[in-house]
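Trainee: Could we go through this structure together, with the reasoning behind each label?
Mentor: Gladly! Take a look, and then ask away.

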Amino acid sequence: MRLTLTQLSEQSGVPERSVRFYIQKGLVDRPEGEKRGAYYTPRHLEQLLRIRQWREAGLSLEGIAELLAARSEPPRSTLRPGGMEVRSHLLIADGVELAIAPERAGLSSDQVRQLFRAVQAAYADLARSPSDQENPDHGD
């Protein structure tokens, strides 16, 4: 899929001027192609949506730049004091929530959606089947 700057701006909800600024600051990849033939891809849209999400969460552009720089480093198993991490909290059902740090987990937004659907389906299966306590004849 090839997008113009206008289409990218409309789909991401980020003004064209901001898109250009983010590219200039290295927060978003440069467009593919050159000059009038330049275009944007779903990768650019994903980058802008992530930046918009972080901005809405209150992160500064400097903080976002640090998070993006950290993406190129191998994932750490623990955070250092004062470290930042963006997590997605996905509601599976009442009382059941899945918390994911996509950057540390190395998951794309499509992979997070796939994981969410799989966990949701597994929960639905468990909720439909009787538990071992309710049915003692259910063997191992």
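Trainee: Which residue follows helix 3, and what is the sign of its phi?
Mentor: Gly58 follows helix 3, and its phi is positive, near 100°. Keep in mind that this is a predicted model.

Trainee: How do you know that the length of helix 3 agrees with what a helix should span?
Mentor: Helix 3 covers residues 42-56, which is 15 residues. The expected span is 1.5 Å times one less than the number of residues, so helix 3 should span 21 Å. Its end C-alpha atoms are 21 Å apart, and therefore the two values agree.

Trainee: Which residues of helix 3 are buried?
Mentor: They are His44, Leu45, Gln47, Leu48, Arg50, Ile51 and Trp54.

Trainee: What makes Arg2 buried or exposed?
Mentor: Exposed means over 50% relative accessible area. Arg2 has 61%, so Arg2 is exposed. You will find Arg2 in the segment before helix 1.

Trainee: What is Arg2 in contact with, beyond its neighbours within four places in sequence?
Mentor: Arg2 is in contact with Gln7, Tyr39 and Tyr40. Also, the C-alpha atoms of Arg2 and Pro42 are 7.9 Å apart, although the two residues are 40 residues apart in sequence.

Trainee: How do you know that Arg2 lies over the face of Tyr39?
Mentor: For an arginine, CZ has to be within 6 Å of the ring centre and within 35 degrees of the ring normal. Arg2 lies over the face of Tyr39 at 4.0 Å from the ring centre, so the distance part of the rule is met.

Trainee: How many aromatic pairs are found in the whole structure?
Mentor: The search finds 1 aromatic pair. The rings of Phe21 and Tyr22 form the pair, with their centres 6.4 Å apart.

Trainee: Why is the pair of Phe21 and Tyr22 called tilted?
Mentor: Planes under 30 degrees apart count as stacked and over 60 as edge-to-face, with the rest tilted. The planes here are at 55°, so the pair is tilted.

Trainee: What makes Tyr22 buried or exposed, and what about Phe21?
Mentor: Buried means under 20%. Tyr22 is at 10%, so Tyr22 counts as buried. Phe21 has a relative accessible area of 34%, so Phe21 is partly exposed.

Trainee: What is notable about the phi of Lys35?
Mentor: Most residues other than glycine have a negative phi. Lys35 is a residue other than glycine, yet its phi is positive, near 45°. Lys35 sits in the loop between helix 2 and helix 3. With a relative accessible area of 79%, Lys35 is exposed.

Trainee: Why do strand 1 and strand 2 count as paired?
Mentor: Pairing needs at least two bridges. Strand 1 (residues 88-93) and strand 2 (residues 96-100) are joined by 5 bridges, so they pair, and they run antiparallel. Leu90 stands opposite Leu98 in strand 2. The hairpin has 2 residues between the strands, and Gly95 takes a positive phi near 90° there.

Trainee: Why is Val119 called partly exposed?
Mentor: Val119 has 28% relative accessibility, so Val119 falls between the cut-offs for buried and exposed. Val119 belongs to helix 6. Leaving aside neighbours within four places in sequence, its contacts are Ile92 and Leu98.

Trainee: Which elements have the lowest and the highest mean pLDDT?
Mentor: Helix 5 (residues 102-105) has the lowest, 74, and helix 2 (residues 16-24) the highest, 94. For the chain, the mean is 81.

Key: Residues numbered from 1 in each chain as written. Predicted model: local features only at pLDDT ≥ 70, side-chain atom pairs only at ≥ 80, totals over all residues. Heavy atoms only, no water. Helix = DSSP H or I, 4+ residues; strand = E, 2+ residues; numbered from the N terminus. Buried < 20%, exposed > 50% of the residue type's maximum accessible area, 1.4 Å probe, protein only. Contact = heavy atoms within 4.5 Å. pLDDT = per-residue confidence, 0-100. Phe/Tyr/Trp six-rings, centres within 6.5 Å; stacked < 30°, edge-to-face > 60°.
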